[in-house]
Amino acid sequence: MRDINFLLENNAKPIWHPMAHPAEMRAQPPKIIMKGEGVHVTDIHGNRVLDAVGGLWNVNLGYSCDPIKKAIADQLDALPYYSGFRGTSTGPSIELAHELTEWFKPEGMTRVFFTSGGSDSVESALRLARQYWKIKGQGDRTKFLALKKGYHGTHFGGASVNGNANFRRNYEPLLPGVFHIPAPSTYRNPFNESDPARLAQLCAAAMEDEIAFQSADTIAAFIMEPVLGAGGVIVPPVNFMKLAREICDRHGILMISDEVVTGFGRTGAWSGARLWGVQPDMMTIAKAITSGYFPLGATLINDRIAEAFESDQSTFGSIGHGYTYSGHPVGCAAGIAALAETRRLKLDENATARGKELASALEQLKSKHEIVGDVRCQGLMAAIELVSDRDGKKAADKKTTAAIADRTYDAGVMIRVSGNNIILSPPLILGPADVARIAAGIDAGLSAVK
């Protein structure tokens with residue numbers, strides 16, 4: 001690697017960063033992370049901070065998981081790559097597919113379509129949903145329903161079902177035939193309703209209304225995150241996903257559970273669907289499948305959809321979709337090792353225990369700092385919504401949130417800012433002392449802007 005002076009000189013110049021304005025990155029170069037160990041990362045200046053972002057929701061096992069590193073090295077030595085297209089397969093892809101169907105058997109998943117990451121997984125689910133209805137002779141079912149504030153990746157399909165204008169406006173027009181219903185957020189919703197049970201019913205009624213308006217026989221699928229992540233860690237009322245599942249069943253609409261963030265323990269359950277007691281028709285996974293050590297994802301499919309494809313005698317059942325790196329043997333080897341460690345360490349149980357501690361600590365910060373308008377937590381997913389006026393819920397401005405993030409970093413904790421939200425998604429190997437450290441760091445950041 002080139003020396004430090006070279007890296008500092010060229011930071012944000014030949015590279016455009018995702019989810020950032022290129023001019024802003026050149027004017028204020030991003031932090032350069034050089035090392036990771038346990039739940040900590042170290043930047044180019046030697047500053048060691050606790051990573052409360054977990055990479056990007058994905059480094060569940062932290063940065064020192066030797067079994068994954070060894071699995072990658074061993075697979076690179078044996079077979080660094082081979083295609084998973086028609087006619088060839090690899091040992092690791094076969095083994096990991098089996099492991100995934102066993103892991104998500106309670107959700108009813110029986111088939112695996114490998115991808116390169118979360119956006120690919122969502123794109124695959126949307127395509128397969130439309131294709132399923134063509135096989136079934138209902139080719140008019142091409143539309144999709146989704147939640148406002150939801151996030152489903154950056155491909156044109158994913159951006160179209162996204163419910164956040166930040167990921168849509170600059171790329172419109174997007175996929176036609178996508179319609180959004182209000183997110184079940186008790187803090188901000190168009191019904192001004194704070195009672196969770198009542199809000200769930202109102203959002204469900206809005207879903208029913210949209211289905212009636214569009215006509216159920218034109219809708220292919222409804223997609224949702226069991227806990228909305230990038231939209232601000234919006235935790236739905238406990239009955240909302242079940243209500244949505246019942247509506248889908250009543251109208252013959254497929255349900256896609258986007259588990260890219262919520263899969264593999266982050267919510268305190270092995271999936272968000274399992275957390276809410278729902279069996280979807282498809283699930284999208286990525287991120288923690290390898291703990292971020294290798295790009296990999298998958299779309300999981302239930303028997304209902306599998307049977308339609310596998311019994312089809314026409315050309316509609318042939319899958320004309322896939323990626324060069326679908327089922328990459330190195331990624332699948334990493335996934336096998338990551339799942340074994342995830343199960344051995346009972347990360348779902350740790351996420352539940354540490355999540356309760358984190359939620360308590362964040363509520364204390366809310367009591368202390370007027371700038372905190374709302375705190376939302378589920379397992380080790382958390383958000384602090386920052387406001388300039390708590391009664392009026394006016395969002396804190398960008399300058400303020402950036403200052404809080406910088407001061408928190410100076411206090412030894414990496415956080416992520418999304419709009420006026422501080423988003424927390426630390427590694428699931430977090431200990432009690434790490435939770436206290438995160439809270440102390442954020443406290444220092446919030447105190448600096450009073």
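A residue counts as buried under 20% relative accessible area, as exposed over 50%, and as partly exposed in between (1.4 Å probe, protein chains only). This is a predicted model, where local features need pLDDT of at least 70, side-chain atom pairs count only at pLDDT 80 or more, and totals for chains, interfaces and linings use all residues. Residues are numbered from 1 along each chain as its sequence is written, and side-chain values use heavy atoms, with hydrogens and water left out.

**Exercise 1. Get a feel for the whole protein.**

Task: Find what share of the 450 residues is buried, and work out why the protein can be called as compact as a globular protein of that length.

Solution:
- Start with burial: 55% of the 450 residues are buried.
- Next, count the pieces: there are 15 helices and 16 strands. Helices (H or I, at least four residues) and strands (E, at least two) are DSSP runs, numbered from the N terminus.
- Now the compactness: the radius of gyration is 22 Å, close to the 22 Å that the globule rule gives for 450 residues, so the protein is as compact as a globular protein of that length. The radius is taken over C-alpha atoms, and the rule is 2.2 Å times the number of residues to the power 0.38.
- For the outline, the C-alpha trace spans about 65 × 60 × 40 Å along its principal axes.

**Exercise 2. Follow strand β12 and its partners.**

Task: Work out which strands pair with β12, given that two strands pair if DSSP finds at least two bridges between them.

Solution:
- Look at β11 (residues 372–378): six bridges tie this strand to β12, in the antiparallel sense. Here Val 372 has Leu 386 as its bridge partner.
- Check the link: β11 and β12 make a hairpin with two residues between them, and Gly 379 in the turn has a positive phi of about 60°.
- Go on to β13 (residues 394–395), which pairs with β12 over two bridges, again antiparallel. Val 387 sits opposite Ala 395.
- That pair is a hairpin too, with four residues in between, and Lys 393 in its turn has a positive phi of about 60°.
- Then take β16 (residues 421–424): four bridges join this strand to β12, and the two run antiparallel. Ala 382 has Leu 424 as its partner there.
- Finish with burial: seven of the nine residues of β12 (residues 381–389) are buried, so the strand is largely enclosed by the rest of the structure.

**Exercise 3. Explore the largest nonpolar core.**

Task: Say how many residues the largest nonpolar core has, and which element gives the most to this core.

Solution:
- Fix the term: a nonpolar core is a set of buried Ala, Val, Leu, Ile, Met, Phe, Trp, Tyr and Cys residues joined through side-chain atoms within 4.5 Å.
- The largest has 37 residues, and those with the most contacts inside it are Leu 362, Leu 386, Leu 424, Ile 438 and Ile 442.
- Elements that each supply at least two residues include β11, β12, β16 and α13 (347–368). Of these, α13 gives the most, with five residues.

**Exercise 4. Check the cysteines.**

Task: Explain why Cys 65 has no bond to Cys 332.

Solution:
- A disulfide is a pair of cysteine sulfur atoms within 2.5 Å, and the structure holds zero of them.
- The sulfur of Cys 65 is 17 Å from its closest cysteine sulfur, in Cys 332, which is too far for a bond.
- Cys 65 is also buried, at 5% relative accessibility.

How values were computed: Two strands pair if DSSP finds at least two bridges between them.
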